[in-house]
Amino acid sequence: MELRVNRKTKFLQLNTVRTVCCFCGEGTPSEEIDHLPSRACFDNRQFPDCFEFPTCKVCNESTKGEERVIALLSRVDSNPEAPAKPDEIGRYMAGVANNNQNVFGEMAQGYGRVKDGHGSVGLGNATDRAFISVLRRWAKAFHYRETGAIVPTNGRICVTYFSNANAMQIPSGAIDGRVHELTRNRNNIGDQFSYIIRIDPNCSALGYYTVAFRRSFLAIMMIDFHGAVILEDQSN
Ligand SMILES: [Zn+2]
């Protein structure tokens with residue numbers, strides 16, 4: 001007899017540990033595994049190990065369209081030693097053009113040449129909404145990953161992000177904390193995704209997370225279960 005560990009087995013193990021969705025905060029049974037950040041954000045969909053989360057179907061579907069936008073924007077500026085793949089940029093751009101017309105319109109409207117042959121794309125309200133809804137889910141996922149705690153429905157979340165064009169505004173404290181070495185099948189994927197956490201080991205009600213994708217954007221997420229630090233649930 002043998003026991004094969006495959007994705008299904010992994011899901012069963014995950015479900016044994018936690019049988020509820022880690023996003024609802026309402027004790028909804030988990031039905032699927034979600035990958036956050038979405039697999040589309042990574043070259044060849046090779047997402048980092050241990051970023052899989054139990055979810056109900058409704059939560060799993062809730063930001064699919066927005067994740068496509070983030071997957072595209074995560075590729076606008078890469079580390080020259082690990083350039084984003086042109087075919088993936090083209091594929092996600094076509095996906096956004098076909099399915100997220102408002103975002104694509106904002107990008108096209110703000111398109112311009114900067115210098116050294118580089119261009120820029122516009123970010124507007126529709127892009128902003130896509131970022132915020134995705135980052136709020138990431139915040140819950142990362143907090144669950146690091147503490148095992150599920151953000152309650154009345155818990156407070158604060159998220160913000162900085163594109164490479166406004167990197168000078170990134171608060172210096174944003175990159176304080178423990179930097180994880182991220183791998184996929186033992187390959188380091190830190191040149192695509194940086195993940196920094198700051199949590200109080202004695203208090204799972206507070207969490208502070210910073211992520212960066214390539215050189216495209218940096219995002220900061222805060223979790224506060226009881227309103228001790230975040231006075232109002234705010235998105236930006
Ligand atoms: Zn759910």
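This report describes the overall make-up, the strand sheet, the helix packing and the nonpolar core of a predicted model.

## Overall make-up

The protein has 236 residues, of which 35% count as buried, and its secondary structure comes to 6 helices and 11 strands. Among contacts in the protein with a separation of 6 or more, 61% are accounted for by residues 24 or more positions apart.

## The five-stranded sheet

Five strands form an open sheet in the order β5-β11-β10-β9-β6, with antiparallel pairing. β5 and β6 (178-179) stand at its edges and have a single partner strand each, so one side of each is left without a neighbour in the sheet. The helix α6 packs on this sheet, where it touches β5, β9, β10 and β11, and its direction makes about 120° with that of β5.

Within the sheet, β10 pairs with β9 in the antiparallel sense over 8 bridges, and β10 also pairs with β11 in the antiparallel sense over 8 bridges. A hairpin of 2 residues joins β9 to β10, and across this pairing I197 stands opposite Y209 in β10. The hairpin formed by β10 and β11 has 3 residues between the strands, and in its turn R214 has a positive phi of about 45°. Two residue pairs help to locate this second pairing: F213 stands opposite F217 in β11, while T210 has I220 in β11 as its bridge partner.

## Helix α3 and its surroundings

How far is α3 enclosed by the rest of the structure? Of its 10 residues, 8 are buried, so α3 is largely enclosed by the rest of the structure. The buried residues are E66, E67, R68, V69, I70, A71, L72 and L73, a list in which the charged residue types Glu and Arg appear beside nonpolar ones. These buried residues pack against α4, α5, α6 and β11.

The packing of α3 against α4 can be followed in more detail. The axes of the two helices come within 9 Å and cross at roughly 140°; α3 and α4 are therefore oblique to each other, and α3 passes α4 in a left-handed crossing. On the α3 side the residues that meet α4 are G65, R68, V69, A71 and L72, and on the α4 side they are Y92, M93, G95, V96 and N99. An α-helix has 3.6 residues a turn, so residues three or four places apart point the same way. In α3, G65 and R68 are one such pair, and both meet α4.

## The largest nonpolar core

Which residues of the largest nonpolar core touch the most other members? The core holds 55 residues, and those that touch the most other members are I70, L135, W138, A139, V159, A219 and M221. Two or more residues are given to this core by each of α3 (64-73), α4 (86-99), α5 (101-109), α6 (125-147), β5 (156-163), β9 (193-200), β10 (203-213) and β11 (217-224). The largest share, 9 residues, comes from α6.

M221 offers one view into this core. Leaving aside residues up to four places away in sequence, M221 touches L135, W138, A139, F142, V159 and Y209. Of these, L135, W138, A139 and V159 are themselves listed with M221 among the residues that touch the most other core members. Y209 also appears in the sheet, where I197 stands opposite it. As a general tendency, nonpolar side chains in soluble globular proteins are buried together.

Definitions and conventions:
Residues numbered from 1 in each chain as written. Predicted model: local features only at pLDDT ≥ 70, side-chain atom pairs only at ≥ 80, totals over all residues. Core = buried A, V, L, I, M, F, W, Y, C linked by C-beta atoms within 7 Å. Buried ≥ 20, exposed ≤ 12 C-beta atoms within 10 Å, placed from the backbone. Helix = DSSP H or I, 4+ residues; strand = E, 2+ residues; numbered from the N terminus. Contact = placed C-beta atoms within 7 Å. Pairing = 2+ DSSP bridges. Axes fitted to C-alpha atoms, helices over the stretch in contact; angles between N-to-C directions. Parallel < 35°, antiparallel > 145°, perpendicular 65-115°, else oblique. Left-handed = near helix turned anticlockwise from the far one by under 90°.
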